[in-house]
Amino acid sequence: MVHRTPWTSSGSLTSDRIPARQVPASTTPAKQQTKGKGQAGLPKGKAVLALENRLHNVEYASGKEKDPKGGCFCLAREHGLSTYVPLCCNCGLVVCELNLPHYACPHCGESFLGNTRRPALVAQIQEELNAQITKEERERGRIIEEARKAEGAFPMLPGASGTQGARRPAGKGTAVSSQSSHKVMSLNSTTKKVTVSSYTNTPISSRPPSPTPEEPRRVPPPPGEINYVKQPPDPAHPWKNMQYPDLQYIPPPKDPSAHSRRQWEREG
């Protein structure tokens with residue numbers, strides 16, 4: 001007779017007949033990036049989101065749609081010159097920065113995204129996006145380093161990506177602490193029972209809400225018709241203003257000091 005132990009494959013104990021519990025494998029991916037967040041789940045800045053949206057539009061837009069806001073016809077006089085398409089190659093319109101490159105020309109309707117122009121724009125916007133992401137990461141690291149120095153902690157080593165334990169220093173525009181809670185224990189003299197009550201204090205931020213950026217003024221397109229006087233000029237008064245016939249000449253007021261000075265020169 002073979003001696004069997006509890007840890008053999010077919011033991012004689014009752015617990016050996018209980019099937020082993022199988023733990024289901026996790027279906028959650030190890031690295032999952034959240035939309036609107038960059039590395040380590042940190043939120044992206046407005047500039048990065050704007051560049052990503054612009055890059056997506058330039059890559060996948062047809063370029064034939066016109067700007068629903070009508071574009072701008074300031075000829076780069078009120079706004080900066082566009083760094084993507086400064087000039088329309090079809091009609092010669094000077095394009096300002098309010099005219100986005102994935103829309104068609106606001107004047108002639110020609111697309112700015114040609115066969116050779118689209119890859120160049122994609123490479124340009126991608127380079128701007130990489131530079132902006134690097135800038136935000138440096139700014140974020142500088143803020144964390146200043147917070148560590150304000151707390152008196154050791155400086156962070158180069159290449160370290162840990163942000164735990166770093167708090168913002170109390171300064172302008174930042175709250176000193178988050179919600180603080182405390183408990184109060186009271187004793188009832190009649191029933192001899194102890195009552196524990198919890199209280200939470202929510203600090204009120206003194207920072208005013210950021211104002212909504214105003215929409216820049218867009219110059220409308222020029223009128224379709226040229227404004228001119230359609231009636232023939234009057235031969236008796238060829239110099240007459242036919243567009244504004246009721247204009248009257250008003251001589252400038254006389255300067256008394258100039259008159260007295262001329263009179264003094266004559267007497268002298």
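1. Asp-67 is buried, with a relative accessible area of 16%, where buried means under 20% relative accessible area, exposed over 50% and partly exposed in between (1.4 Å probe, protein chains only). The side chain of Asp-67 meets that of Arg-218 in a salt bridge, at 3.6 Å from N to O, the term standing for a side-chain nitrogen of Lys or Arg within 4 Å of a carboxyl oxygen of Asp or Glu. Because Arg-218 lies in the loop between β2 (194–201) and α3 while Asp-67 lies in the loop between α1 and α2, this pair ties together parts that are 151 residues apart in sequence. Arg-218, in contrast to its buried partner Asp-67, is partly exposed, with a relative accessible area of 21%.

2. On the basis of the model: this is a predicted structure, in which local features need pLDDT of at least 70 and side-chain atom pairs count only at pLDDT 80 or more, whereas totals for chains, interfaces and linings use all residues. Residues are numbered from 1 along each chain as its sequence is written, and side-chain values use heavy atoms, with hydrogens and water left out.

3. On the overall architecture: the protein chain has three helices and two strands, and from the N terminus on its elements run α-α-β-β-α. Helices (H or I, at least four residues) and strands (E, at least two) are DSSP runs, numbered from the N terminus. Of the 268 residues of the protein chain, 16% count as buried, and Asp-67 carries that label.

4. On the remaining links around Asp-67 and Arg-218: a second salt bridge joins Lys-69 to Glu-215, with the closest N and O atoms 3.3 Å apart. Since Lys-69 sits in the loop between α1 and α2 and Glu-215 in the loop between β2 and α3, the pair ties together parts that are 146 residues apart in sequence. Both Lys-69 and Glu-215 are exposed. Glu-215 also forms a salt bridge with Arg-218, the closest N and O atoms being 3.8 Å apart. Through shared partners, these salt bridges join Asp-67, Lys-69, Glu-215 and Arg-218 into one network. A search of the whole structure finds seven salt bridges.

5. On Asn-99: this residue lies in the loop between α1 (46–60) and α2 (117–151), and it is buried, with a relative accessible area of 5%. A polar atom of the Asn-99 side chain lies 3.0 Å from the backbone nitrogen of Cys-72.

6. On the backbone at Leu-75 and Ala-76: which residues deserve a look for a positive phi of a non-glycine? Leu-75 has phi near 60 degrees, a positive value in a residue other than glycine, and Ala-76 has a positive phi of about 60 degrees although it is not a glycine either. As background, most residues other than glycine have a negative phi. Leu-75 is found in the loop between α1 and α2 and is partly exposed at 33% relative accessible area, while Ala-76, found in the loop between α1 and α2, counts as partly exposed at 26% relative accessibility.

7. On the nonpolar surface patch: Met-185, Leu-187, Val-194 and Val-196 make a nonpolar surface patch of about 440 Å², the area coming from the Shrake-Rupley method with a 1.4 Å probe, and for residues only the protein chains shown count as cover. Patches are made of residues with over 30% relative accessible area and no salt bridge, like charges being joined within 9 Å and nonpolar side chains (Val, Leu, Ile, Met, Phe, Trp, Tyr) within 5 Å. Strands β1 (180–187) and β2 each supply at least two residues of this patch. Leu-187, found in strand β1, is exposed, with a relative accessible area of 62%.

8. On the positively charged patch: Lys-254, Arg-261, Arg-262 and Arg-266 gather in a patch of positive charge on the surface. Lys and Arg count as positive and Asp and Glu as negative, with His and the chain ends not counted, and the place of a charge is taken as NZ of Lys, CZ of Arg, CG of Asp or CD of Glu. Arg-266 has its place in helix α3 (residues 256–267) and counts as exposed at 72% relative accessibility.

9. On a pair brought together by the fold: Ala-131 and Val-48 are 83 residues apart in sequence and 9.6 Å apart in space, taken from C-alpha to C-alpha. Ala-131 is found in helix α2 and is partly exposed, with a relative accessible area of 47%.

Terms used
A polar contact is a pair of N or O atoms within 3.5 Å; within protein, one must be able to donate a hydrogen and the other to accept it, and residues adjacent in sequence count only if both atoms are side-chain atoms.
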